[in-house]
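I wanted to know where empty space is left in this protein and what lines it. I also meant to look at one arginine and its surroundings.

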Amino acid sequence: MVKWIGRGLGIVLVVGAVVFFGILPGIVEKGQNSVADHAPYPVTPEAQALHDSLTIGDLHADSLLWNRDLLKRADRGHVDFPRLREGNVAVQVFTTVTKSPAGQNYDHNSADARDNITLFGIAQLWPVKSWFNLTERGLYMAKRMQRYEEKAPEQVRILRTKGDLDAVLNARASGQALTGALIGSEGGHILEGDLANLDRIYDAGFRLMGLTHFFDNALGGSLHGEEEHGLTDFGREVVRAMIEKHMVIDLAHASPQMAREVIEMTDQPLILSHTGIHSHCEVKRNFPDELMQQIAATGGVIGIGYWADVTCDASPDGVARTIKAAVDLVGADHVALGSDYDGSVAVEFDSSELAALTQALMDQGLSEAEIASVMGGNMIRVLRRILPD
């Protein structure tokens, strides 16, 4: 009897482990990164021809958080390399999410709240050294992208320099379906308060970093934190070091005070990678309009997201209207795409369906030149300005 009980418990444990480690993460992702059911979006031959001619770039996707093979087309989530090719995406920023507070919201979060990523990383069988170290989590996600590049160099090239960017664009011009992947971090807490870790992530291929995420950290205040203060002394050290390393500084999720202080520190173009326009969709997540104009005045870009919390309408037409509002506010040379794909957001089209957005921008009355700028031209210009030689 004891033997049979032992065997029964063993079976229960095995089944439980299979569910927890093998099935549960996929179930979670399907729930967190949904795509609304919809009929195929109508795209005219003219819109499709324009779309096919574009150099398209997206400033923000969190796809490395989820343990899917991004070289294979998935039936969940928003981004993988096959779908990027279907959507004609030339450059995709892949950010690493290393910490996310329980109860996450746009108004107020404590840095001491339970971290959602810890249990999720364990459930996905991330390396043990990454379970309680944010730098190691980011390095693990970057390593996964490096493996994609090693396995399929004809599909993926990590962008570390201007030369890498030019190589991707030249390959695409000759007909090769190559996608440039730029690795970034969603929040400076990846550094664990140690400036030496900036060298570690840079050496691992990181060329973009947001300063905060949903909580205050050692660099300064978050838009969603407890005090919304500006840069700390450590934060100023990090910003200076990022400028020296030719890294893209992302102000998404920063407090307005932090954003203004960064603007004062540099003449480098700054980005706000995934957002909406406050006068168009009045939510705290969207910076005040005048701050958006200050960011644009650095020569930078505002990346427009695809989810309803920042656009007030996540349909292709709704996102296009937000882009039109951004163009009206800061000019067509300072607007870009910043989907927030795979960032625990619900969307109404995935990365394979971006021709529907081109159609919607045409319907909004944007010129072909404006559409080309917004869909990728502006992002490419900023990367060429900042990335190292």
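These entries cover the pockets, then the cavities, then a single side chain.

Entry 1. I noted before starting that the model is predicted.

Entry 2. I looked up the largest pocket. It holds about 720 Å³ of space. I found 34 residues in its lining, and those nearest the centre are Gln 32, Ser 100, Gln 104, Asn 116 and Ser 344.

Entry 3. I then asked which helices supply the lining of the largest pocket. At least two residues each come from α1 (2-32), α4 (116-123) and α11 (308-311). The largest share is that of α4, with five residues. Sorted by class, this lining has 17 nonpolar, 10 polar and seven charged residues.

Entry 4. I went on to the second largest pocket, where the space comes to about 210 Å³. Its lining is made up of 13 residues, and Leu 54, Asn 88, Arg 172, Ala 173 and Gln 176 lie nearest the centre. Two or more lining residues are given by each of α2 (45-53) and α6 (162-173). I recorded α6 as the source of the largest share, three residues. By class, I have five nonpolar, five polar and three charged residues for the lining of this second largest pocket.

Entry 5. How many cavities of 30 Å³ or more does a search of the whole structure find? I have three. The volume of the largest cavity is about 40 Å³.

Entry 6. I listed the lining of the largest cavity. Its histidines are His 60, His 253 and His 274. The acidic residues Glu 186 and Asp 250 also line it, as do Thr 95, Ser 185, Gly 187, Leu 208, Gly 210, Thr 212 and Ala 252. I count this lining as two nonpolar, eight polar and two charged residues.

Entry 7. I turned to Arg 83, which sits in helix α3 (residues 81-86). Is Arg 83 buried or exposed? Its relative accessibility is 2%. Buried means under 20%, so Arg 83 counts as buried.

Entry 8. I looked for partners of the Arg 83 side chain. A polar contact of 2.9 Å links it to the side chain of Asp 80. Setting aside neighbours within four places in sequence, I found Arg 83 in contact with Arg 68, Arg 73, Ala 74, Arg 76, Gly 77 and His 78. Asp 350, Ser 351 and Ser 352 are also in contact with Arg 83.

Methods
Residues are numbered from 1 along each chain as its sequence is written. This is a predicted model: local features need pLDDT of at least 70, side-chain atom pairs count only at pLDDT 80 or more; totals for chains, interfaces and linings use all residues. Side-chain values use heavy atoms; hydrogens and water are left out. On a 1 Å grid over the protein atoms alone, a cavity is a set of points where a 1.4 Å probe fits but cannot get out, and a pocket is an open set with protein on both sides within 12 Å along at least five of seven lines; lining residues have an atom within 4 Å of a point. Grid points are joined across faces, edges and corners, and a volume is the space filled by probe spheres set on the points. Helices (H or I, at least four residues) and strands (E, at least two) are DSSP runs, numbered from the N terminus. Ala, Val, Leu, Ile, Met, Phe, Trp, Tyr, Cys and Pro count as nonpolar, Asp, Glu, Lys and Arg as charged, and the others, Gly among them, as polar. Buried means under 20% relative accessible area, exposed over 50%, partly exposed in between (1.4 Å probe, protein chains only). A polar contact is a pair of N or O atoms within 3.5 Å; within protein, one must be able to donate a hydrogen and the other to accept it, and residues adjacent in sequence count only if both atoms are side-chain atoms. Contact means heavy atoms within 4.5 Å.
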